[in-house]
Amino acid sequence: MRFEEFLKSVSKIKNIPLPAEVSHFKMVPPFRQELLKKQKEAIKKAKHAGVLSLFYPDEDMETKFVLILRKTYKGVHSAQVAFPGGKLEAQDASLRDTALRETFEEVGVPIDTVQIVRSIS
């Protein structure tokens, strides 16, 4: 998609309500829905993390977005393709700050060059 068309589309979604859990449940298999319901209390105590969906124009003005490949290690996120981001740290005032800081640390994009459109669930 041409980046200028992408920007027009983005402006349309800035103020629409987020569908959140209702839409999430439409996308997950039934066993996952049951698991989420059973884990409701544990989820409240889960670690918080922020990620950034970073879209940009390439040299031909086509829309691209950033993904990273996580390092291989003994852990659940080993070798995963992911958006840049990570866990909320004490110095982060918000998950927005977490996403921006982690994107800078992982990809090198300066925080002051990123325009946040909105948060998503």
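Which strands do the buried residues of H5 pack against? In this predicted model, the buried residues of H5 pack against strand E1 (49-51) and E6. Let us start with that helix and then walk over to the aromatic residues around H1.

## Helix H5 and its surroundings

H5 covers residues 95-107. The helix has 13 residues and reaches 18 Å from its first C-alpha to its last, close to the 18 Å expected at 1.5 Å a residue. A run of H5 residues is buried: Thr-98, Ala-99, Leu-100, Arg-101, Glu-102 and Thr-103. After H5 comes Gly-108, which has a positive phi, near 90 degrees.

Thr-103 is a good place to look around. This H5 residue counts as buried because its relative accessible area is 1%, and the cut-off for buried is under 20%. Setting aside neighbours within four places in sequence, Thr-103 is in contact with Leu-52, Leu-54, Pro-84, Gly-108 and Val-109. Gly-108, the residue that follows H5, is thus among the contacts of Thr-103.

Ala-99 offers a second viewpoint from H5. With neighbours within four places in sequence again left out, Ala-99 is in contact with Gly-50, Val-51 and Leu-52. Leu-52 therefore appears in the contacts of Ala-99 and in those of Thr-103.

Which residues make up the largest nonpolar core? It has 7 residues: Leu-52, Leu-54, Val-66, Ala-99, Leu-100, Val-109 and Val-114. Ala-99 and Leu-100 are buried residues of H5, while Leu-52, Leu-54 and Val-109 are contacts of Thr-103. As general background, nonpolar side chains in soluble globular proteins tend to be buried together.

## Charged side chains

The structure has 10 salt bridges. In general, side chains of opposite charge can pair when their charged atoms come close. Here are some of the pairs, with their N to O distances.

| Residue | Partner | N to O distance |
|---|---|---|
| Asp-92 | Arg-101 | 2.8 Å |
| Arg-101 | Glu-102 | 3.2 Å |
| Arg-96 | Asp-97 | 4.0 Å |

Are the partners Asp-92 and Arg-101 buried or exposed? Asp-92 counts as buried because its relative accessibility is 10%, and Arg-101 counts as buried at 11%. Glu-102, which also meets Arg-101 in a salt bridge, is buried too, with 9% relative accessibility. Arg-101 belongs to a network of salt bridges that links Asp-92, Arg-101, Glu-102 and Glu-105.

The bridge between Arg-96 and Asp-97 has a different setting. Arg-96 counts as partly exposed at 44% relative accessibility, and Asp-97 counts as partly exposed at 27%.

## Helix H1 and the aromatic residues

Now to H1, which spans residues 3-13. Phe-3, Phe-6 and Val-10 are buried in this helix. They lie on the same side of H1 because they cover an arc of only 50 degrees around the axis. The face turned away from that buried side carries the exposed residues Glu-4 and Lys-12. Strand E2 (55-57) and E3 are among the elements that cover the buried residues of H1.

How many aromatic pairs does a search of the whole structure find? The search finds 4. One of them joins Phe-3 and Phe-6 in a stacked arrangement, with 5.7 Å centre to centre and 25 degrees between the planes. Phe-3 and Phe-6 are separated by about one helical turn, because they sit 3 residues apart in H1. The general rule is that an α-helix has 3.6 residues a turn, so residues three or four places apart point the same way. Both Phe-3 and Phe-6 are buried.

Another pair, Phe-65 with Phe-83, is tilted: 6.3 Å centre to centre and 40 degrees between the planes. This pair links distant parts of the chain, 18 residues apart, with Phe-65 in strand E3 (residues 63-65) and Phe-83 in the loop between strand E5 (81-82) and strand E6 (85-87). Phe-65 is partly exposed, with a relative accessible area of 42%, and Phe-83 is partly exposed at 32%.

These two pairs come together in one aromatic cluster, formed by Phe-3, Phe-6, Phe-55, Phe-65 and Phe-83.

Technical notes: Residues are numbered from 1 along each chain as its sequence is written. This is a predicted model: local features need pLDDT of at least 70, side-chain atom pairs count only at pLDDT 80 or more; totals for chains, interfaces and linings use all residues. Side-chain values use heavy atoms; hydrogens and water are left out. Rings of Phe, Tyr and Trp (its six-membered ring) pair if their centres lie within 6.5 Å; planes under 30 degrees apart count as stacked, over 60 as edge-to-face and the rest as tilted. Helices (H or I, at least four residues) and strands (E, at least two) are DSSP runs, numbered from the N terminus. Buried means under 20% relative accessible area, exposed over 50%, partly exposed in between (1.4 Å probe, protein chains only). A nonpolar core is a set of buried Ala, Val, Leu, Ile, Met, Phe, Trp, Tyr and Cys residues joined through side-chain atoms within 4.5 Å. Contact means heavy atoms within 4.5 Å. The arc is that of the directions from the helix axis to the C-beta atoms. The expected span of a helix is 1.5 Å times one less than its number of residues.
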